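Q: I'm new to this structure and would like a close look at one part of it. Could you pick a helix, walk me through it, and show me how it sits in the rest of the chain?

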Amino acid sequence: MTSESNPYDAIKKDQEERERLDEGYRFFKKHARNNRIIYDEAVTLPDDAVVLDVATGAGSWILDLAQVVSPSVSIYGVDISMTYFPSIHSSKNQNITLSEHSCTSLPEDWANKFDLVNQTLLAASLTGDDWIADIRELYRVTKPGGHVQLYEPTCASWDCPLESANSRMRALFTALYQKHSLIHDVGEKISRILAETGFVDVCERMSTYPVNAVKNESGKQGADLTIRWLRQLQPSIMRHSGFGIVKSDEDFNNLLEEMQREWNSSVPYKSFVMLWARKPN
């Protein structure tokens, strides 16, 4: 995973961004994941379980998990940068260990270590080759009989009339990802990669969240989070002259406003996919 493959490298890594990440986690957990921390309802963690959160960011998922499992469960969180790591000092969180590692190169001595591995929202960070390396690493560190779960965006809600603002934004999004060797529709491809790597019982469930800002407060929050996310892409898009789709920052901002108007009238949601699978015994 290289810096050239990641259009988010230009994001200012500050408290505001950390709060955005945590706010997004809370919103998506409620509106797109049915308040589930573990996606597969059949998964139970024994008191001596060991769990890994890959790309843990601000640690929102591991802090949630720590509230619902035995304090004897060991919870590990890793990220390529420690910038957003939460402060783990209180006694109730002594079972959490945080460290800096790439998802494509986890520690060698973690082979067959984890009962459950969680990974969320790496579509903007991994190239096609990185995804294969990543899933292989998840397989290597998962215990035989253990489970993995992932959560990524899909392109289902981008299917709009060709001349619409949503369609133009999808074209921008796709061009940017292709420029950086990223997979713009990775949410539709992860299940195949999981199966090809050796995971079994691969399941996926489409999830959605509202973006109609005039319908209710949830839609307003969903729209705000989505537009803030798209603004994170703006510097990278404009470095490539808007890919011939927008000519200036003003054009990009106008496109966002037009897209919001479309959401308010005809596009009620954005879509993600929840995936889970098992490593054979």
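A: Here's a walk from the whole chain down to helix H1, with a stop at one residue of a strand and at another helix.

Keep in mind that this is a predicted model. The chain has seven helices and seven strands. Starting at the N terminus, the elements go α-β-α-β-β-β-α-β-α-α-β-α-α-β. The C-alpha trace spans about 55 × 40 × 35 Å along its principal axes. For 281 residues, a compact globule would have a radius of gyration near 19 Å, and the chain's 19 Å agrees with that. Of the 281 residues, 53% are buried. As for contacts between residues at least 6 apart in sequence, 76% of them join residues at least 24 apart.

Now for H1 itself, which covers residues 15–31. Its 17 residues should span 24 Å at 1.5 Å a residue, and since the end C-alpha atoms are 24 Å apart, the two agree. Which of its residues are buried? They are Glu-17, Arg-20, Gly-24, Tyr-25, Phe-27, Phe-28 and Lys-29. A bit of background helps when you look at that list: an α-helix has 3.6 residues a turn, so residues three or four places apart point the same way. The cover over the buried residues of H1 includes helices H2 (60–66) and H6 (217–239), along with strands E5 (142–153), E6 (200–210) and E7 (269–278).

Let's follow E7 for a moment, by way of Met-274, which sits in that strand. Met-274 counts as buried because its relative accessibility is 1%, and the cut-off for buried is under 20%. Leaving out residues up to four places away in sequence, Met-274 touches Ala-32, Arg-33, Tyr-39, Leu-150, Tyr-151, Cys-203, Glu-204, Arg-205 and Ser-207. Leu-138, by comparison, is 136 residues away from Met-274 in sequence and 16 Å away in space, C-alpha to C-alpha.

E7 also leads us to helix H4, residues 165–179: the buried residues of H4 pack against H6, helix H7 (249–265) and E7. Among those buried residues are Met-169, Leu-172, Phe-173, Leu-176 and Tyr-177. H4 has 15 residues and reaches 21 Å from first C-alpha to last, close to the 21 Å expected at 1.5 Å a residue. After H4 comes Ser-181, with a positive phi near 60°.

So, back to where we began: H6 and E7 are among the elements covering the buried residues of H1, and the buried residues of H4 pack against H6 and E7 too.

Note on methods: Residues numbered from 1 in each chain as written. Predicted model: local features only at pLDDT ≥ 70, side-chain atom pairs only at ≥ 80, totals over all residues. Heavy atoms only, no water. Helix = DSSP H or I, 4+ residues; strand = E, 2+ residues; numbered from the N terminus. Expected span 1.5 Å × (residues − 1). Buried < 20%, exposed > 50% of the residue type's maximum accessible area, 1.4 Å probe, protein only. Contact = heavy atoms within 4.5 Å. Rg over C-alpha atoms; globule rule 2.2 N^0.38 Å.
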